[in-house]
Every structure is written in C-alpha cells, then in structure tokens.
There are 2 protein chains.
Amino acid sequence: MSAIKELRERFTELMRLNYINTLLGWDLQVYMPKSEGAAKGRSEQIALIEAISHKKLISNKTGELIKKAETEKNLNVIDSALLREAKRRYEKAIKIPIELVTEIAKTASLGQQAWEKARAKSDFSTFKPYLEKMIRLEREYAEKIDLGPTLYDSLVDIYEPEAKSAWITSIFKELKPKLMKILHKIESSGADKPTQEILKKYYDPDKQWNLSMEIIKKLNFDFNKGRQDKSVHPFTASVSSMDTRITTRIWDNFLPACLFGTIHECGHALYEMGFREELHDTFLADGCSLGFHESQSRLWENIIGRSKEFWSYWYPIMRKYFPGNLNNYPEDEFYRSINVVQPSFIRVEADEVTYGLHIILRFELEKELINNSDNLSISELPNIWNSKMEELLGIIPPDDAKGVLQDVHWSTGAFGYFSTYSLGNLYASQIYEDLLTKQPNLPEEIKNGNYLNLLTYLRENIHQHGRIYRPLDLLKKVTGEDLNPDYFIKYLENKFYPIYNL
Amino acid sequence: MSAIKELRERFTELMRLNYINTLLGWDLQVYMPKSEGAAKGRSEQIALIEAISHKKLISNKTGELIKKAETEKNLNVIDSALLREAKRRYEKAIKIPIELVTEIAKTASLGQQAWEKARAKSDFSTFKPYLEKMIRLEREYAEKIDLGPTLYDSLVDIYEPEAKSAWITSIFKELKPKLMKILHKIESSGADKPTQEILKKYYDPDKQWNLSMEIIKKLNFDFNKGRQDKSVHPFTASVSSMDTRITTRIWDNFLPACLFGTIHECGHALYEMGFREELHDTFLADGCSLGFHESQSRLWENIIGRSKEFWSYWYPIMRKYFPGNLNNYPEDEFYRSINVVQPSFIRVEADEVTYGLHIILRFELEKELINNSDNLSISELPNIWNSKMEELLGIIPPDDAKGVLQDVHWSTGAFGYFSTYSLGNLYASQIYEDLLTKQPNLPEEIKNGNYLNLLTYLRENIHQHGRIYRPLDLLKKVTGEDLNPDYFIKYLENKFYPIYNL
C-alpha cells in the first residue's frame, strides 16, 4: 500500500472518532438530561475519545507515513491536500505537550463556568483570574506552535489557516472608517426610520418551528442527510459525512431568533452537505476555513434571507402562519424592520453594518492581549472595552455584562476566532457579486422561491471542494480576485441607503 | 497501583467505549435520518469503537493484570466480581478469532435484511441459506467458547451467565404442562369472557404519549438521569451510568402498545438507575443477567401494570385523557380487557399465560438446531414450528410470517436468548411473593399510586447490586430459595381464574 493511502486510512479513523465526539457533543446540547451526573459521564466519554485520537495522531507511525508520503510522486490535488492537512495536524499536535492540552481544557471548563457566573452578576473581577491564566496558557501554546511573526498569528491560524494577523489588521483598517461612515450617515438620516416593533410581538413557538422547517426544506436542506432540533445556542454539527444536524432556538417574543438562526445554520449545513464524495470521512470533509464557513451561513442569512426578494416570496406564506400580527402589516415595512441599523451593546444582536465594528473591537483587544500582555493590564480591560465602544459605536455599555463579559470565547481560550465572523461577511459579499455577474437572473429566481441555481453555484465553486484549498486561494479561484472589502461596503450601501431613504 | 485497581481502570475505559456505542445505537434508532448514507456512516463508527475495544480487551496487558489480580489477597466483594467479569470477558474474547467475530457480524447484518424481506413475503426459502450459515457460525463460536456440556450451553451463558441448558430444560419441563393446564381451563370456561375491543378504538397519539410520561414520572423514573423518546421497537439504553433512556411506540388503534411498552421499559430503566455508585462506569453497572433484567421489566409491566390495584388509581386519570372511549366503560371490564388469555400466533402479542409456551417452543427448537443440527433439516423447520404450535397452543399459523419467521433473533445469531424472557417471569413472581410477605400493605399502596416502598425493596435487594452476583445466587439471597416455577403458576391461577369466573 502506498504511504499516502495508508495515511488516508489512518486519518479516516481519526475523522470517524471526530464524528463520534461531535455526536456526543450534539446529544449533550440537544437531548441529554440536564444533570451534573449526566454531564460528568459525557465529559469523560468525550475526553476518552480525545485521548484515543491524540495518541493515534502523535504516534511515530503517523510521522513516518507523512515523511514517506512526501517522497511519493504525482500526488493528485486531493492527496496533496490530505497530506498537507495530516502534516499540519501532526506537527501542531507533537509541538504541544499533552499536559498543556489538558491544562487548557481544564482552564476552559472552569473559566467558562466562572464567566457564566461573572456575566450573570456583571462582575468582571471574579472572571479576571481565569482570563489571566487562559491568556498565559494561550501565549504558551502560541510559543510552542511558533508560526510567527507574532504570537497571535499562531492562534489565528487555528481558525483561518495561513491567514496572517498583519493581513487581517490591514483589511480591518480599511473597513473600519468605511463602516463608521455608513453608520454615521444612517444615524443622521431623517424621519421614517424602520423599527423592530413588529418583530417583538408574540409569535406562537410551534408555528415558528413549522415555518423554519418549511423554509429550510425549500432552501434544499436535505432531511435524508440531516435534521433540525432545538438547543439553547444554535449550532451545526456533522455527525458523519452523510448526517449534518442543525439546531435553532425559539423566542416567543422575538421572531428573528428562530427565523434567521435557522437560515444561518442551514447555510452552514448546505456547505457540509455539499462536500464531494471523495472527501467523505477525511479531514477535507470540512469547511475551507471558519471564515469560509461563516461566508456560507451569512450569505444565506443576510444577503439572501434579509433581502427584499426573499420576502417577496415568503411574506405571504408567513402571514398565513401569523395572520393576527402580520395581515395588516405591509411587506415593505417588514423588510425594513429586519434591517434596522443602530449601535447596540451585544455583538450577536448587531445588524449587518455595526457587526463588523464589534469584531474590530475584539480583534484589536485580543491581538494586544496575546502579543503585548505586559503592556495591557487586565484590570483595565473593561474600561478599554467601553472607551473603544464609544469610539466605534458612540455608546458606552451600562455594565460589563453588556460589555467585556458578553462573549464566551475568551473564557474557553478561543483567541483568534472573532475575526472569522467578519471575514465571512467579506468573502460572502465578494462571492455574491461574482454570482450576480454570472447569474443576473438570480434575484428574480429568489423572488420565486427558487434557490437551485444559487445552490448549484455554491456547490460547484465552493462546497464540493471542502478543505482542499486555502481560503484566499479558493476565493481567488472563485472570484478571480484577492479579498476586497469594498464589495461588502458596496453591498451595505446599496442595501441600507434606500432603507434609510438616503 | 494494585493490579485490581489497574484492571478496574482498564475496564472503565472499555465501559465508557461501551456507553459511547450505546449512544451511537440509540441515536441510530431514535433520531438518525433514515438514509443508507447515514446508516453506513454510523455502522462504520460503531465498528471502529468495537475494534478499539476489542484490541484493548484482548491485549496481553489485560491478561497479565488478571493473572496478577488473582494473586491479590482479601479482595472485597466488588473487586472479586470485577475480576470475575474481567476474566470472563477476556477469556471469551481471546478464544474467538477476530475473523469469526467479523464473519458473524457480517452474516447477522445480511441475515437480518434477508429475514425482513422473507418475513414480508412470508417466504422461508429465501431466509434459509442465511439461517443455515448463522447456525454453522454459532456452532463454531460455541465450540471455541467450550463451556459444555453441550454446544448450546456456551450460547445460553452469553445471556444468562452460568445457567446450564439442562437446568432450563428441567424448569421448562415442569412449567409446560402447568401452563397448558391453565390455558385449557381458561379456554373451556363459560360465557362472559373478556374482550380486547375497547383497546382497539382510536386513541390520540399525543395523549397516549402524555399519559405514558405521567405514568413513568409517578413510577419514579428519574428525568434527571434519563429520558423517553419514540422508536419503531421499544428499548432501554444506558448511555452513561447517570443517563438511561427508554423508548416507546404509539399505535393509534391499539392502546396497550404504548401503555405497557412504556411501563416495561421503565422497569428496565429503574434497574439501570438503581446501581450503587461504586459500580458506575464498571461492567458491574449492568443487570445481573438478561433474565433478571426481564424480571424487573415484567414485574412492572405485568404484575404491577396489569393489576386491579394499579388501575384502581390510573383508570380515573386515563378516563380524563380519553373520555369519549372510556367514560362509559367500567373499570373492571377494562382490567379484564388487558388480561385476555387466548392462543395467538405472535409471541410479542401473547398474554401472560401463553407467553411461556411460545418461549418453550423456541427453546426446544433452537437447542436442537445448535446441538443436533445434523438431525434437523432446516427445510423442515417451518413444519416442525407449526406442529409444535398445534401441540402447545392448539393453533396452526396460516403462514411462516406468523410462524417461524416472526422473530428477528435467529437472523442475528441470538440463539440462547429466548429463554431469558420466561426466566424473567419466573424470577419476577418469586420475588414479588417475597415482597408481599415482607410488605403486605403493598397492594393498598399501589391502589394509592404509591410505588416508593416497592421501588425501595427492589433497589435494596436487587438494583443496587448490579452484576455483582450470579442470577441464582441473587435470587436465593433475595427470596431464600432456588428458582421455583410454582410461584409463577400460583400467580397466574390467582390472577386469571377470577377473571374467567373459574
């Protein structure tokens, strides 16, 4: 057997163990009884699978196979990518002592609990020691991985492979004033601003669920290859190459939670359901990067799901679900209500314009925390957060729960993650611009509830490739260009200026 | 570290892998999309966990630890039982070549598919080659295990540890004429026989579900340590030591399916939820045997769930769920309707009296198939089945779907399994007799919907011990006696003669 084939089989086992752990985690969040005993049992099972995987990954055999495979000639594009992913995972794993992995996992678990309590009481001081410890551990991790030029680069690379923090910095530097300009223009617009009132009425949760199921069915979510359930936080989980599950949450008095949560996760799922069969059960059956994954969920949620054309088809249907609330409410006003732009404290509730500013704030702070933690006193973090909020959005959080304590990420050590959300928006708008050039009839199709050509484009150009290409290579392959944030700015201007009569 | 402690840790990992596979199987039957792709992915995951477990189990290290632990002095009762279970599993595993394990698994998978098709068309001939192959493989398996005196003993031992087929034969020899006598007496009883008509009306499935949830809550099913879902075939699955799940099925036009299915599985679950904490995550966190497990499900389903006292409490409640069907239907007639005795073709639909005869038929046949397969031509099996049905129950199946093809067991190689169902009934009635002697007030408590003393007795005497003791040792420990089938006969006579005015 060739080394690459043997390597592929070895990593197929690792991928299956990965799927198994994903199911253990899915069940934990969706159906597992909410008791300490059940949680303890499950965490031991997950730790066991992780230990078995880790041992297999770092074994000498893996290293030998990688070395041998590297000497094999004429690897095809898939095998080359497999080898690259195998090497990437192996080298990272052997660089990190298992004690550090365990210490980070333990600190993440304790840190998340401390964060939950701190946020509930809006008391940063009780979370501070956990955050300090986690930053120390993440720095240590970054030092061992050592991808340079800065420590933060090693962390960014986890989520957006081969992206450099200097590159993201330059993109965000370009984006920031342009987003602020749009926001200021909208804020200073005159009368007749849209409001969210209609979204905050009571919507029967069973009907919300049924509507969400009707929508994703129409979006070509394949129920032979997946399902939807409910959970506290919506997520997408592939539990095998042929079984991708999404979750949604339903708020009785806020329609967008379920509606756009479902469309967002459906976008992730369509990506996972579209990997070509050759990639199944390999580590290439994965998104190209977190940013690219997010580009798919946000394309469906925002560019499609919050568009005039989308609601031209769905509003009459949704009216039948909620005639009391919607029969006398004009379609155009509804479209405007789901596209309200205004500075707000909480990232996950932010609109398309301000969202990027929330991300830039986090990116700037965490880059500093990791690279120059000596310069930045953790005690000062809440104040720095608040003054950045004032600078970017013109508002100051009334407390830390609505400020520095709002996100779970840092408590679990996920430094480097946030920027992928914004990169997702940038990728999505650049891809969509290309799509519109090639399929000018698309808006008409969406008006008719026809998403097949859209999905076919995404399948052919993005989904099928899984993790074969690197994010910027794939973007160039699809759109012929490097990342250009002006597509996103143009998209925002074209969409939001008319909504605000500008 | 002492060898027994190290052994315990090793087997804790195996138990966790076992729990993980149980979750993979639970999800497969409860929530997994019904597609070939999803099924294929899942079966590969299950096979991987099995392979990892098997490798760990048969490793030299396991053997060495067992040897060392056997020399350790003063093992307590739990450690002794742990050592016994470890040795039992290890020795069985090293006796069986992995090729045979794989071959049986493959044949079981193909055999089950062939059986499903054969049963649908009532065509034994298409299933015959698979059955022949499976019998050959099971004989080979039994030869390797070699627990003697006959091949069949090695298979019985899988399900009812250390039970000998000669012992079961002698029990069933005693039981058979007594069951037949009761049946004949009931059949020749006069007018006013109960009927099942009331059970075959339409019962709203959502209300059936809600009633089943209300009942198991009252029976002290702990929803912090488990849950109920729906599946095609009801089953109980512990996915960790603190998470036991049951399933039920709902038939719109047959009330007992959900009602008694739920109580039956709840009985299994209460057993699993009652293991003492020291046994958690070990192979002793399991029923003492399949027969003992079945004794718990059948005690709750039949002895309690089909009793007059039980319905004295529940009938008024159930009437509120289904007033249309039940408001004018007398409680006593309902009690009689769920206790109709009559010969029927299908085992799983049989009443408490005829059920044992269905089992005896299968036991006699499969013992012959395994021990003397040369004497018994498989082609003759349908005819032999039918003539035994005539002998035992006085009826002849109209086709093989209602005869030899009705059960899945043989297609998957589960020879030796059937008798545990009847042993369960025998254990249950002997235990219940003991319980009544010690707690004469129990029927009164059940009339009041109070199951706490009943559960406490079962917890203290049976559940907490898990798999520490061997079935007959445990029975003697609880009741002070060896198995005596007359308790079951007496129970049947006392219950059914009044129902039939005898």
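The turns below ask what stands behind the terms used for this predicted model.

Me: What makes strand β3 of chain A largely enclosed by the rest of the structure?
Reply: A residue is buried if 20 or more other C-beta atoms lie within 10 Å of its own. In β3(A), residues 243–248, 6 of the 6 residues are buried, so the strand is largely enclosed. Asp243(A), Arg245(A) and Thr247(A) point one way from the strand, and Thr244(A), Ile246(A) and Thr248(A) point the other way. Residues of both groups are buried.

Me: How do you know that β1(A) and β3(A) pair, and in which sense?
Reply: Two strands pair if there are at least two bridges between them. Strand β1 of chain A, residues 226–230, has 5 bridges with β3(A), and the sense is parallel. Opposite Thr248(A) of β3(A) stands Lys230(A). Gln228(A) likewise stands opposite Ile246(A) in β3(A).

Me: What makes β2(A) and β3(A) a pair, and in which sense do they run?
Reply: At least two bridges are needed for a pair, and 4 bridges join β2(A), residues 236–240, to β3(A). These strands run antiparallel. One bridge sets Ser238(A) against Thr244(A) of β3(A). The hairpin from β2(A) to β3(A) passes through 2 residues.

Me: Why is the pairing in the sheet of chain A called mixed?
Reply: The open sheet has 3 strands in the order β1-β3-β2. Its β1(A) and β3(A) pair in the parallel sense, while β2(A) and β3(A) run antiparallel. The pairing of the sheet is mixed.

Me: Which strands of this sheet are called edge strands, and what makes them so?
Reply: They are β1 and β2 of chain A, each of which pairs on one side only. From one strand to the next, the twist averages 25°.

Me: Which helix packs on this sheet, and what does it touch?
Reply: Helix α2 of chain B, residues 36–57, packs there and touches β2 and β3 of chain A. The direction of α2(B) makes about 70° with that of β2(A). Angles of 65 to 115 degrees count as roughly perpendicular, so at about 70° these two directions are roughly perpendicular.

Me: How many residues take part in the contact of the chains, and which elements of chain B supply them?
Reply: The contact takes 29 residues from chain B and 29 residues from chain A. On the side of chain B, α1 (3–30), α2 and β1 (226–230) each supply at least two residues. The largest share there, 9 residues, comes from α2(B). The residues of this side of chain B divide into 13 nonpolar, 8 polar and 8 charged.

Me: Why are α5(A) and α6(A) called roughly antiparallel?
Reply: Helix α5 (residues 98–121) and helix α6 (residues 124–145) of chain A pack at an angle of about 155°. Angles over 145 degrees count as roughly antiparallel, and therefore α5(A) and α6(A) are roughly antiparallel to each other. Their axes lie 9 Å apart, and their crossing is left-handed. Residues that make the contact include Leu100(A), Ile104(A) and Trp115(A) of α5(A), and Phe124(A), Tyr130(A) and Leu137(A) of α6(A). The residues of this contact divide into 12 nonpolar, 3 polar and 4 charged.

Me: Is Asn448(A) buried or exposed, and what is the count behind that?
Reply: A residue is exposed if 12 or fewer other C-beta atoms lie within 10 Å of its own. Asn448(A) has 10 such neighbours, so it counts as exposed. It is found in the loop between α18 (442–447) and α19 (452–461) of chain A. The C-alpha atoms of Asn448(A) and Ile396(A) are separated by 43 Å, and the two residues are 52 residues apart along the chain.

Me: How do you know whether Leu279(B), in a loop of chain B, is buried or exposed?
Reply: The cut-off for buried is 20 or more. Leu279(B) has 21 C-beta neighbours inside 10 Å, so it counts as buried. Its loop lies between α10 (255–273) and α11 (290–304) of chain B. Not counting residues up to four places away in sequence, Leu279(B) touches Leu284(B), Ala285(B) and Gly466(B).

Me: What makes strand β2 of chain B mostly covered?
Reply: Of the 5 residues of β2(B), residues 236–240, 5 are buried. This strand pairs with β3(B), residues 243–248, in the antiparallel sense over 4 bridges. Ala237(B) stands opposite Arg245(B) in β3(B).

Methods: Residues are numbered from 1 along each chain as its sequence is written. Chains are lettered from A and ligands numbered from 1 in the order in which they are written. This is a predicted model: local features need pLDDT of at least 70, side-chain atom pairs count only at pLDDT 80 or more; totals for chains, interfaces and linings use all residues. Axes are lines fitted to C-alpha atoms, for helices over the stretch in contact, and angles run from 0 to 180 degrees between N-to-C directions. Two residues are in contact if their C-beta atoms, placed from the backbone, lie within 7 Å. Ala, Val, Leu, Ile, Met, Phe, Trp, Tyr, Cys and Pro count as nonpolar, Asp, Glu, Lys and Arg as charged, and the others, Gly among them, as polar. Angles under 35 degrees count as roughly parallel, over 145 as roughly antiparallel, 65 to 115 as roughly perpendicular and the rest as oblique. A crossing is left-handed if the near helix is turned anticlockwise from the far one by less than a right angle, and right-handed if clockwise.
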